[in-house]
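Subject: Structure handover

Hello,

Here is the structure I said I would pass on. My notes on it follow below.

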Amino acid sequence: MERSTERALKRAGHRTSLFDDKGYRRIFGQRLTQRLALARVRRFQPDFVFLSKCQNLDLETVEEIIADRPNSMWYHDPPSYRKIHKPDVAHVAAVGRLSQTFFVSGFVEEWAKLGLPAKFLPSAADLELGPTTPDRKAASDVAFIGTGYDASRADFLIKVAHRYDLKVWGPAWERWRTQLKWNGGAIEGKEVARVCSSAKINLGLNPAIAKGATDYASDRMWIVIQAGGFYLGQATPGVTELLRDGDHCAWYNDLESCLDRCAYYLANPATRERIRREGQVFVRDHHTFDQRIHNLLSGEAFVNPLA
């Protein structure tokens, strides 16, 4: 997310300096990382500060960095408000309370109740991530890209796999490796585009922690579509207002409707191709990091282009 945001800022004509607090801490330790971060700010003299999780920056360091400077934060794991007792999530919330605007890609009211200046801003796709030539080795009827930490999601995918040729891509699926066709590890960048462009259907499926979601959707939704994939996602009351069913993607409500929609779109490749193509154009024009820069810099609320 940080690199994609930086690239979008540069395309918009801004001069940037990205500080990798995680990388610096790994090399130099916690204490020296604080000094290096502050030294970078003194040298660069930013007009604006964009905050990520800042997991390896002390709150005092963050306060000094943003003092008297316009700033915003953008958080892409909104269901984690349910884990506010965990130190890493508590730190994100503490940093967010320091920010002028805490943009979050869902569960805005829940974060606001925790005392953060929360505003909705959907995740996005990197403009440079585009469709690629399909690869037979990555081909399948259905693909799912994500981490295998949620048993309910795994159970859902296993049931889909009983009906269709389904491949799972991402880390931590060892527990279900005998029940699912799994690539064996994480994929990034061009490999993500290769999978999305090669699968006939790319499935979106929320984990159990996202129960009750409205406008929340994983960045996977935008990435899949921008990378040339046909996206079949889990419908929620708000997310279906971000993309139109039958124009930009397709939605399902439960397992049975998911199976039915897979059957329909596998049997109708021309319709699937039209939606895939129109969806990619729509995401490219409205839902890449380049379109989010205005909100991040101005603090203005997101305006749905379909509204």
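Contact here means heavy atoms within 4.5 Å. Please keep in mind that this is a predicted model.

By that cut-off, and leaving aside neighbours within four places in sequence, M221 is in contact with Y231, V239, L243 and W251. M221 and L243 also belong to the largest nonpolar core, which has 65 residues. Together with L51, I65, F102 and W111, they touch the most other members of that core. Another core lies apart from it and holds 27 residues, including V142, F144, A154 and W176.

Next, the sheet. Six strands make up an open sheet with parallel pairing, in the order β7-β6-β5-β8-β9-β10. At its edges are β7 (181-182) and β10 (250-252), each of which pairs on one side only. β10 is joined to β9 (residues 231-234) in the parallel sense over three bridges, and A250 in β10 is the bridge partner of L232. Helix α7 (residues 151-163) lies across β5 (140-145), β6 (166-169), β8 (199-203) and β10, and runs at about 150° to β6.

Last, the cavities. There are two of 30 Å³ or more, and the largest holds about 100 Å³ of space. Which residues lie nearest the centre of the largest cavity? They are N206, A217, S218, Y231 and Q234, out of 13 that line it. Both α9 (219-226) and β9 supply at least two residues of this lining; β9 gives the most, with three. Y231, one of the contacts of M221, is thus also listed among the residues nearest the centre of the largest cavity.

Regards

Terms used: Residues numbered from 1 in each chain as written. Predicted model: local features only at pLDDT ≥ 70, side-chain atom pairs only at ≥ 80, totals over all residues. Heavy atoms only, no water. Pairing = 2+ DSSP bridges. Helix = DSSP H or I, 4+ residues; strand = E, 2+ residues; numbered from the N terminus. Axes fitted to C-alpha atoms, helices over the stretch in contact; angles between N-to-C directions. Core = buried A, V, L, I, M, F, W, Y, C linked by side-chain atoms within 4.5 Å. Buried < 20%, exposed > 50% of the residue type's maximum accessible area, 1.4 Å probe, protein only. 1 Å grid on protein atoms, 1.4 Å probe; cavity = no way out; pocket = protein on both sides within 12 Å on 5 of 7 lines; lining within 4 Å. Points joined across faces, edges and corners; volume = space filled by probe spheres on them.
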